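Q: Please take one part of this model and go through it closely. Describe what surrounds that part, and end with the chain as a whole.

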Amino acid sequence: MSMTIEHPFAQYVRILGKGKTGSRSLNRDEAKTAMTMILNGDVEDVQLGAFLMLLRVKEESPEELAGFVDAVRANIQAPTMTVDLDWASYAGKRRQQAWYLLAALALADSGLNVVMHGAAGHTAERVYSELLLKELGETIAHDWSSAQAALNSRKFVYLPLSFLCPRLHHMMEMRQLFGLRSPVHTLSRLINPLAASYSMQSIFHPAYADSHQQAAALLGQKNAVVFKGEAGEVERKPEGLCKVKTIRNGELGEESWPKMLEGRQEWQSNLSADTLRRAWCGESVPEYGQLAIWGTMAIALQMRAPSLDQSSALSLAKDIWQQRNQNRLS
């Protein structure tokens, strides 16, 4: 393109970057169009970098997130599948074992179709769901037919972002160039690629909880939970108060779950699939891990059955854990 003619994407950079008094957030349609151009490869690298970092400084609005997700979902063009629970997993672990994986698999064992989606390797010194699940023998699907087969046989499948939306995955990996996370890390958690009625999301920074909740509501998500999980994964931290932003039948709310354990826990030095496998197969589970599994499941169960109080949800979680197929990961 001639440098004398303004690039079509320049208008979206200008909206975000026109100074303290002249800049504004994108509306939902503008956000969708901008992200569609990005996903189609119709922007220059310098424009993409400027766009993402201006959003980062401003902090993305719920309308922007909804528009971005609209574009991503259109790009993915997912088929229709029966999914009970959407589970976003993009943070990785570095201090504690990935107990949330056992919570998700136990829920699958109870009969729920669980779809987990995420990305691996974008932050150093973290262990990601994709690698752990592969070592545990669960399906990492790179096409829709294998995803459906896994749901049919095991009620659980992991969908890598690199399969769902390669361009979005590439943008996430740009973190190493920016030295910062970009809005991609937020919007990816919201994509719910197979339109599950119930969605589990977690954030690392509590300030983002409202944006997640409001964007999910704009996207028509009828039931969802968003909370600050351990390391940013969907895992309840037993030693802390857990404030959960909820959407229940389209109504926005908030609920607090109490501490389950006193005192801060030591960092784990070996975050391995073997530890998770032994815990699943019936060997000893540390108190922290057991509470993290039960507590995470309880939040999911209450989301699906709001009539359950916290105590009943926790009791049901314990029963489901007790009844899991211990041979699943052997």
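A: Two strands are said to pair if DSSP finds at least two bridges between them. Helices (H or I, at least four residues) and strands (E, at least two) are DSSP runs, numbered from the N terminus. The model is predicted, so local features need pLDDT of at least 70 and side-chain atom pairs count only at pLDDT 80 or more, while totals for chains, interfaces and linings use all residues. Residues are numbered from 1 along each chain as its sequence is written, and side-chain values use heavy atoms, with hydrogens and water left out.

The part chosen here is strand β4, together with the sheet around it. Seven strands form this open sheet, in the order β3-β2-β1-β4-β5-β6-β7, with mixed pairing. β3 (156-160) and β7 (251-257) are the edge strands; each has a single partner strand, so one side of each has no neighbour in the sheet. From one strand to the next the twist averages 20°. Strands of a sheet pair through backbone hydrogen bonds, either parallel or antiparallel.

Strand β4 covers residues 198-203 and is mostly covered, with six of its six residues buried. Buried means under 20% relative accessible area and exposed means over 50%, with partly exposed in between (1.4 Å probe, protein chains only). In a regular strand the side chains alternate between the two faces of the sheet. Both faces of β4 are covered: Y198, M200 and S202 are buried on one side, and S199, Q201 and I203 are buried on the other.

On one flank, β4 is joined to β1 by three bridges, and the two strands run parallel. Here S199 of β4 stands opposite D86. β1 (residues 85-89) is in turn joined to β2 (residues 114-118) by five bridges, again in parallel, and W87 stands opposite M116 in β2. Helix α8 (residues 144-154) packs on the sheet, where it touches β2 and β3, and its direction makes about 155° with that of β3. Axes are lines fitted to C-alpha atoms, for helices over the stretch in contact, and angles run from 0 to 180 degrees between N-to-C directions.

β4 also pairs with β5 (residues 223-228), in the parallel sense over six bridges. In this pair, M200 has V225 of β5 as its bridge partner. β4, helix α13 (residues 209-218) and β5 make a right-handed β-α-β unit. A crossover is right-handed if, with the strands pointing away from the viewer, the path from the first strand over the helix to the second runs clockwise.

The helix of this unit, α13, has A209, S211, H212, Q213, A215 and A216 as its buried residues. Their cover includes α5 (62-76), α12 (184-187), β4, β5, β6 (242-248) and β7, where contact means heavy atoms within 4.5 Å. Just after α13, G220 takes a positive phi of about 85°.

Two other loops hold positive phi values. Most residues other than glycine have a negative phi, and most peptide bonds are trans. N192, in the loop between α12 and β4, is a residue other than glycine with a positive phi near 35°, and N192 counts as buried at 4% relative accessibility. Q77, in the loop between α5 and β1, has a positive phi of about 50° although it is not a glycine. Q77 is exposed, with a relative accessible area of 65%.

As for the whole, the secondary structure of the protein chain comes to 16 helices and seven strands. The chain has a radius of gyration of 20 Å, close to the 20 Å that the globule rule gives for 330 residues, so it is as compact as a globular protein of that length. This radius is taken over C-alpha atoms, and the rule is 2.2 Å times the number of residues to the power 0.38. Along the principal axes, the C-alpha atoms fill a box of roughly 70 × 40 × 40 Å. Buried residues make up 55% of the 330 residues. Of the contacts between residues at least 6 apart in sequence, 73% join residues at least 24 apart.
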